[in-house]
Amino acid sequence: MSLARKSALEAGSQLLAISFSLVSGILISRMLGAEGRGVYVLATALAATVFVAFGDLGMSAACRVFAARMPERLGELHAAAVLVATAAGLALAGGAAVLAPRHADLPADLLAVLPWIVVGVPVLLYQSFWRGLMVGLGDIRGKAVADVLFAAAQLAAIVLLAVALTNRRATPFVVAWYAIAVVSAVLMAVLLGRHGALWRRPSVAFVRDLFAYGRWIYVGDIGARLRLQADQLAAQAFGGEAALGRYNQAASLAGRVLVLPSAVTTAAYQAVTASATPDAQRLVAASFRQCLLLAVGLTLAGWVAAPLIPLIYGADFRESITPFRILVPAVASIGMAQVLAAYFSGHLARPRVLAIVNWVGFALQIGLLVTLAPRLGVLSGLAWATAATCATTLALLAFAYARAAGAAALLDLVRFGRGDVERWARLLRRSRAPNGGT
C-alpha cells in the first residue's frame with residue numbers, strides 16, 4: 001500500500017472517528033453544561049493522558065521502532081507490553097486511588113469513579129502500546145478499524161444514557177467510557193493476533209534493549225504529554241471546572257486539526273524508520289510539505305467555522321471561540337513537528353533530541369501560562385501560551401533536523417513541486433474508479 005493510500009486510510013478512519021466523537025461532545029456539553037463537562041474531561045481524557053504519560057515508560061515508542069525493525073519478535077514485544085501496562089497501570093492508578101480521597105476539593109463525581117479508573121488505566125496503557133505495535137507493523141487498516149469502532153461505541157453509550165437517565169450527572173458517562181475501553185482492548189488483541197503469536201517469553205537482553213531505547217523516549221514523552229495538557233490543568237487551577245469545560249471545548253475542537261497531519265506521519269513512520277538515510281529524508285520532506293499544506297487549509301477553515309461553536313454546543317461555550325482560533329494554527333504546527341520527530345525517534349533512533357526539545361517546551365509553557373493567564377484572561381492567556389510553545393517546539397526540531405540532515409534537507413521541507421499535488425490527484429482518480437481502481 002502506497003504512502004498516499006495509507007495516509008488517506010488513516011485520515012479517513014480518524015475523520016469518521018472524529019465525527020462520532022464530535023457528536024458525543026455535543027451531547028455531553030449540552031447535557032452536562034460547562035461544569036459537568038469539566039468533571040467528565042477530568043475523569044476521562046485528562047486523567048488518561050496524565051496516567052499514560054507517567055506509565056508509558058517509553059514502551060509505546062519502543063514498540064513502534066522494534067516492530068518496524070523486528071516484526072518476527074512480535075510475541076516478545078507484546079508480552080513485554082502487557083506486563084509493563086499491568087504493573088505500571090496498577091501502581092499509578094492504585095496510588096491515585098489512595099491519595100485522591102485526601103483532597104477535599106476534588107468533585108464528588110470524580111471520587112465516585114476511582115475504582116473504574118484503577119481498572120481502566122492498565123487498559124489505556126495497553127492501548128497505547130498496541131497502537132505503537134500496529135504502526136510499527138504498518139497495519140494502518142487494523143488500527144483504523146479499532147479507532148472507528150471505539151468512537152462509535154462511545155457515541156452509542158452516550159446516546160443510550162441520555163435517553164435512559166433523568167439525573168444528568170457525569171458519573172455514569174465516565175463509567176461507560178472506561179467500560180468500553182476495557183472491552184475494546186479485547187478487539188485490539190484479536191486484530192494484532194493476525195500478525196503472529198502474541199505471547200512469547202521475552203529474553204532479559206531483549207527487555208533491556210527495549211528499556212535502553214525507551215528511557216529517553218519516556219523522559220521526552222512526559223514532557224510532551226504534560227506540555228499538551230498543562231494548559232488544561234492550568235484552566236482548572238485558575239478558573240475551576242467551568243473554565244476547564246470551556247477551554248477544553250476549544251482545545252478538543254482545535255485538536256481535530258491534528259488528525260490529517262498525524263495520518264501522514266503515521267503512514268510514513270514504518271518507511272522512514274526502515275529506509276536508507278537519503279530515502280528517509282525524502283519521505284520526511286514530502287510528508288512535511290503535505291502537513292504544511294494541510295495546516296494552512298485547516299487553519300483557514302477553523303477560523304471561518306469558529307462562530308458555530310456556541311450554536312452547536314450551547315451559549316455556555318461562547319467564550320470558547322477566541323481560544324479555539326488561537327489554538328488551531330498551534331495544533332497544526334504540532335503536525336509538522338511530528339514528522340521531524342519521527343526522523344529522530346525512528347530512523348536515527350536518537351530519542352534524546354526529542355526529550356530535550358519537549359522539556360524545554362514544557363518549561364517555557366509553564367512560565368508563559370503563569371504570566372499570560374492573569375494578564376490576558378484565563379482562556380486567551382492559556383491559549384496564547386500554548387501557541388507560543390508549539391511554535392517554539394517546531395523551530396527547535398527544525399534546527400535539530402538541519403544539524404542532523406544538513407541545510408539542503410531543511411530547504412527540502414518547503415521546496416514544493418508538482419509531485420506534492422499529483423500523488424493525491426492519482427489517489428483520488430483511483431478511488432473514483434470502479435472497484436477502487438483494482
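This passage goes through salt bridges, a nonpolar surface patch and one buried serine in a predicted model.

Start with the charged pairs. Searching the whole structure turns up seven salt bridges, and a few of them are worth walking through. In one, Lys-143 pairs with Asp-147, with 3.0 Å between the closest N and O atoms. Both residues sit in helix 6, which spans residues 140-164, and because they are four residues apart there, about one helical turn separates them. Neither end of this pair is out on the surface: Lys-143 is buried, and Asp-147 is buried too. The pair doesn't stand alone, either, as Arg-131 joins Lys-143 and Asp-147 in a network of salt bridges.

The next bridge has a longer reach along the chain. Here the side chains of Arg-246 and Asp-316 meet, with an N to O distance of 2.9 Å. Arg-246 belongs to helix 8 (residues 204-255), while Asp-316 is in the loop between helix 11 (308-313) and helix 12 (321-347), so this contact ties together parts that lie 70 residues apart in sequence. The two partners also differ in how they are covered. Arg-246 has a relative accessibility of 18%, and because the cut-off for buried is under 20%, Arg-246 counts as buried. Asp-316, at 34%, is partly exposed.

Then there is the pair formed by Asp-412 and Arg-415, where the closest N and O atoms are 2.3 Å apart. Both of its members get some exposure: Arg-415 is partly exposed with a relative accessible area of 46%, and Asp-412 is partly exposed at 30%.

Moving on to nonpolar surface, Val-145, Leu-149 and Leu-187 make up a patch of about 210 Å². Of these, Leu-187 is found in helix 7, which covers residues 171-192. Its relative accessible area comes to 31%, so Leu-187 falls in the partly exposed class, and that value also clears the patch requirement of over 30%.

Last up is Ser-333, which has its place in helix 12. With a relative accessible area of just 8%, Ser-333 is buried. What does Ser-333 touch, once residues up to four places away in sequence are set aside? The contacts are Cys-390, Ala-391 and Leu-394.

Key: Residues are numbered from 1 along each chain as its sequence is written. This is a predicted model: local features need pLDDT of at least 70, side-chain atom pairs count only at pLDDT 80 or more; totals for chains, interfaces and linings use all residues. Side-chain values use heavy atoms; hydrogens and water are left out. A salt bridge is a side-chain nitrogen of Lys or Arg within 4 Å of a carboxyl oxygen of Asp or Glu. Helices (H or I, at least four residues) and strands (E, at least two) are DSSP runs, numbered from the N terminus. Buried means under 20% relative accessible area, exposed over 50%, partly exposed in between (1.4 Å probe, protein chains only). Patches are made of residues with over 30% relative accessible area and no salt bridge: like charges are joined within 9 Å, nonpolar side chains (Val, Leu, Ile, Met, Phe, Trp, Tyr) within 5 Å. Accessible areas come from the Shrake-Rupley method with a 1.4 Å probe; for residues, only the protein chains shown count as cover. Contact means heavy atoms within 4.5 Å.
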